[in-house]
Amino acid sequence: MAFAGYAAVFDVVDRAGDVVRRGAFADARMVPLLWQHRGGAVGSLSVVAEDERGLRVEGVVADLELARLVRSGAVAGLSVGYRALRVRQGSRRELLSVALVEVSLVAVPMQALARVEVVP
C-alpha cells in the first residue's frame, strides 16, 4: 500500500519541546520504514526529501495488517529517528542538522502535524 506524508514539519514545537528547522534534513538519505521505532522494516521509502513544509516521505507499507490500519486512518502518525548533529539551545532545543536514522509509522507522533496525508 502506497502512502505519502510528512515525517517532520519545520518550526513546530513537538511534545518534547524540540523544534526542527529548515535544512536539518538537508543530507537525508533513504532509511528504513519501521513501526513505532522498533523491529525490522515494515515497508520501504522511495522519497525522503525536504520541501518548504518539512521532511516529505513517500513509500510503501508491506506489512498487510499495518497497511490495513493506515488505509483505515487508525494509524496516521509519522516520526523520525535521528542523531542530533547541530543544535541551538535557547528556550527550546532547535534541531539545525540531524543524521536521519529511520522513519516510523506511529500511533502517536511526537509532532502533531507529522502525519500520513495521502493514501492513493
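**Close-ups of helix α1 and the largest pocket**

**View 1. What helix α1 packs against.** The buried residues of α1 pack against five strands of this predicted model: β3 (33-35), β4 (38-50), β5 (54-61), β7 (93-106) and β8 (116-118). The helix itself covers residues 64-72, and its buried members are L66, A67 and V70. Look down the axis of α1 and those buried residues fall within an arc of 100°, so they line one face of the helix.

**View 2. The other face of α1.** Turn to the face of α1 that points away from its buried side, and you'll find the exposed residues L64, R71 and S72.

**View 3. The two ends of α1.** At the start of the helix, D63 has a side-chain oxygen that comes to within 3.3 Å of the backbone nitrogen of E65. Past the other end sits G73, the residue that follows α1, with a positive phi near 90°.

**View 4. Inside the largest pocket.** Here the largest pocket holds about 190 Å³ of space. It has 16 lining residues, and D14, S79, V80, Y82 and M110 are the ones closest to its centre. Three elements each give two or more residues to this lining: β1 (2-9), β2 (18-20) and β6 (77-89).

**View 5. Who makes up the pocket lining.** Strand β6 gives the most to the lining of the largest pocket, putting in four residues. Sort the lining by class and you get twelve nonpolar residues, along with two polar and two charged ones.

Notes: Residues are numbered from 1 along each chain as its sequence is written. This is a predicted model: local features need pLDDT of at least 70, side-chain atom pairs count only at pLDDT 80 or more; totals for chains, interfaces and linings use all residues. Side-chain values use heavy atoms; hydrogens and water are left out. Buried means under 20% relative accessible area, exposed over 50%, partly exposed in between (1.4 Å probe, protein chains only). The arc is that of the directions from the helix axis to the C-beta atoms. Contact means heavy atoms within 4.5 Å. A polar contact is a pair of N or O atoms within 3.5 Å; within protein, one must be able to donate a hydrogen and the other to accept it, and residues adjacent in sequence count only if both atoms are side-chain atoms. On a 1 Å grid over the protein atoms alone, a cavity is a set of points where a 1.4 Å probe fits but cannot get out, and a pocket is an open set with protein on both sides within 12 Å along at least five of seven lines; lining residues have an atom within 4 Å of a point. Grid points are joined across faces, edges and corners, and a volume is the space filled by probe spheres set on the points. Ala, Val, Leu, Ile, Met, Phe, Trp, Tyr, Cys and Pro count as nonpolar, Asp, Glu, Lys and Arg as charged, and the others, Gly among them, as polar.
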